[in-house]
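Here is a walk through a two-chain model, from single residues up to the way the copies meet. Have the structure open while you read.

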Protein chains: 2
Amino acid sequence: MDIREYLNEKSSLVNGCIEKYFTECCTSAPDVLRESMKYSLMAGGKRLRPVLAMASYEACGGKGADILLGASALEVIHTYSLIHDDLPAMDDDDLRRGRPTNHKVYGEAIAILAGDGLLTEAFLMLMANEGPVSRDNILNSLKELAVAAGPAGMVGGQVMDILSENAEPDAHRLEYIHTHKTGALIRASVRMGALLMGADEAKLASLTRYGECLGLAFQIVDDILDVKGDEKELGKPVGSDEGKNKMTYPSLYGIDSSMERAEALISEALDSISAFGQEAGPLRGIADYIIRRTH
Amino acid sequence: MDIREYLNEKSSLVNGCIEKYFTECCTSAPDVLRESMKYSLMAGGKRLRPVLAMASYEACGGKGADILLGASALEVIHTYSLIHDDLPAMDDDDLRRGRPTNHKVYGEAIAILAGDGLLTEAFLMLMANEGPVSRDNILNSLKELAVAAGPAGMVGGQVMDILSENAEPDAHRLEYIHTHKTGALIRASVRMGALLMGADEAKLASLTRYGECLGLAFQIVDDILDVKGDEKELGKPVGSDEGKNKMTYPSLYGIDSSMERAEALISEALDSISAFGQEAGPLRGIADYIIRRTH
């Protein structure tokens, strides 16, 4: 299987799902709010989190498309977090994926509320996932999503990131930021695939470890690309972390050690799911794909 | 039954529940985030929404304390909305309930993230409500809460409120703001009591109408108090709506007509639940209490 083909196919399913859902939902909401939410939702992106959830659901024996709505909710949460991260009070970014950030187009107030709206709507999207998924499994996934997105997860990571700007480099703090700000939602994406299937404890544990390793590797690679990546491909200026005195892997350990750590994590991710058969092919492909981004 | 005693008793249950939950939850989150969330949660307030949910649950034959956690989630959502509403990009308020607003104490970035954290955690709180409530009824209540809080509810109302500052008075727009910005969550509070009990359609319909009338009456009374209330009791300056060119009931219809409308709504609220017996006593008392605030 060609993983790029798999990623393209699944991400266009996600694009279609989000486009349709946000065209049909909350039609009574003010137009500018709906436009603003869609502006950021449809700004492109790899749709990594929903694709991971579907790949994990497939690794547990399901058909990815059966959890398309629930998986897409992960992208909606991710999008809200980007809108709020970009705000002047936070990272104060003007560009995201090569386009003006949400508050640059709609103003700060609407951008904050678009983020709030997306966060809330994401839970509704997951609850609207019907088909073969039981209500119990939906409830378990809702918990997973809220824990990962909340104060003990993504929001906590973002707080620590802000507190750490201009601070002395610190390995514990950096690990906290990475495992929470991006790691928690990636881990939850993989786990949600398993939870929506009602997978057994052993499978859930293997996939959890896969998700943890993948999430941290992904963020390290992101840090590396911010130093040596291609501006056009990134959609934002290279070196933007350094310009903001962000704590990153390369700033603490250097590029080479960071790269070694990312590679070791990808190996561990692959080892974690070695007991799975070829139904875990997409998960393996995604792990390879993430490390290849740096080459 | 003395309704003030009922309100005091129930609101102190809610205070205890929120204090305990947020002391025990997300202990791995950064201290400043937990402090900031608690700062706004414990700022006082009538706890009207949780009390309404419990009173509605009792009207359907349950014991209010059995849904204390789920009901308290409504206050957590309400608190997040106040933090975001007060931000410089929104209403730019320095005082809330007589104390500095969240961003005045913790800065804008932390205030935005505290709001995000509370919104997310509220769903977890509702899911943590165990006891006699079935998982199906929890799921139905989660939907209710997310719809009311989301783009088609509270967030939409706040967007319209912001778009309407300095705009020409407009009856349709004012109704939209009031029924969405505050009305949606109050309606949902009453409905959640019924949904958590799994009440039948007829009861749910009666309580829904009660909640709609009560929510609108509550907001009209709030508008009136902003003009002629007591500064010390309100915890914010009298006339702050007018100072911001907010669209309000008194500004559109005058004080007397606004008062008549509120009284008519309270009568309709009481009529809607006339088929209920004495188990709806607290709901009746709350309706009376809300209109009495103006006298």
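In which loop of chain A is N166(A) found? It is the loop between α8 (154-163) and α9 (171-197) of chain A. Helices here are DSSP runs of H or I with at least four residues, strands are runs of E with at least two, and both are numbered from the N terminus.

Before going further, a word on the ground rules. This is a predicted model, in which local features need pLDDT of at least 70 and side-chain atom pairs count only at pLDDT 80 or more, while totals for chains, interfaces and linings use all residues. Residues are numbered from 1 along each chain as its sequence is written, and chains are lettered from A and ligands numbered from 1 in the order in which they are written.

**Two odd backbone angles**

N166(A) has a positive phi of about 65° although it is not a glycine. R47(A) does something similar, with a positive phi of about 60° and again no glycine. R47(A) sits in the loop between α2 (31-41) and α3 (48-59) of chain A. Are these two residues buried or exposed? R47(A) is buried, with 24 other C-beta atoms within 10 Å, whereas N166(A) is exposed, with 9. The scale goes like this: a residue is buried if 20 or more other C-beta atoms lie within 10 Å of its own, exposed if 12 or fewer, and partly exposed in between, with C-beta atoms placed from the backbone.

**Three helix residues**

Next come three residues in helices, each with a partner elsewhere in the sequence.

| Residue | Partner | Apart in sequence | C-alpha to C-alpha |
|---|---|---|---|
| T179(A) | M37(A) | 142 residues | 27 Å |
| L52(B) | S189(B) | 137 residues | 6.0 Å |
| M127(A) | E212(A) | 85 residues | 25 Å |

L52(B) belongs to helix α3 (residues 48-59) of chain B and is buried, with 31 other C-beta atoms within 10 Å. Leaving aside neighbours within four places in sequence, L52(B) is in contact (C-beta atoms, placed from the backbone, within 7 Å) with I186(B), S189(B), V190(B) and I286(B).

T179(A) is in helix α9 of chain A. With 18 C-beta neighbours inside 10 Å, it counts as partly exposed. Not counting residues up to four places away in sequence, T179(A) touches A184(A) and L216(A).

M127(A) takes us to the other chain. It is part of helix α6 (residues 108-127) of chain A and is buried, with 22 other C-beta atoms within 10 Å. Which residues does M127(A) touch, not counting those up to four places away in sequence? They are I138(A), L139(B), L142(B) and K143(B).

**How the copies meet**

The contact takes 43 residues from chain B and 44 residues from chain A. On the side of chain B that touches chain A, the elements giving two or more residues are α2 (31-41), α6 (108-127), α7 (135-149) and α8 (154-163) of chain B. The largest share, 13 residues, comes from α6(B). By class, that side of chain B has 30 nonpolar, seven polar and six charged residues; Ala, Val, Leu, Ile, Met, Phe, Trp, Tyr, Cys and Pro count as nonpolar, Asp, Glu, Lys and Arg as charged, and the others, Gly among them, as polar.

A turn of 180° and a shift of 0.0 Å along the axis lay chain B on chain A with an RMSD of 0.0 Å. That is the relation of a two-fold axis. The superposition is by least squares on the C-alpha atoms of residues with pLDDT of at least 70 in both copies. Of the interface residues of chain B, 100% are also interface residues in chain A, so the copies meet through the same surface.

**The fold and its core**

Chain A has 15 helices and two strands, and buried residues make up 55% of its 295 residues. Its C-alpha trace spans about 50 × 50 × 35 Å along the principal axes. Residues 24 or more positions apart account for 74% of the contacts in chain A with a separation of 6 or more.

The largest nonpolar core has 194 residues, and those with the most contacts inside it are I77(A), L145(A), A217(A), I77(B), L145(B) and A217(B). Such a core is a set of buried Ala, Val, Leu, Ile, Met, Phe, Trp, Tyr and Cys residues joined through C-beta atoms within 7 Å. Beyond four places in sequence, L145(A) touches A73(A), I77(A), L126(A), A188(A) and M192(A).

Notes. Contact = placed C-beta atoms within 7 Å.
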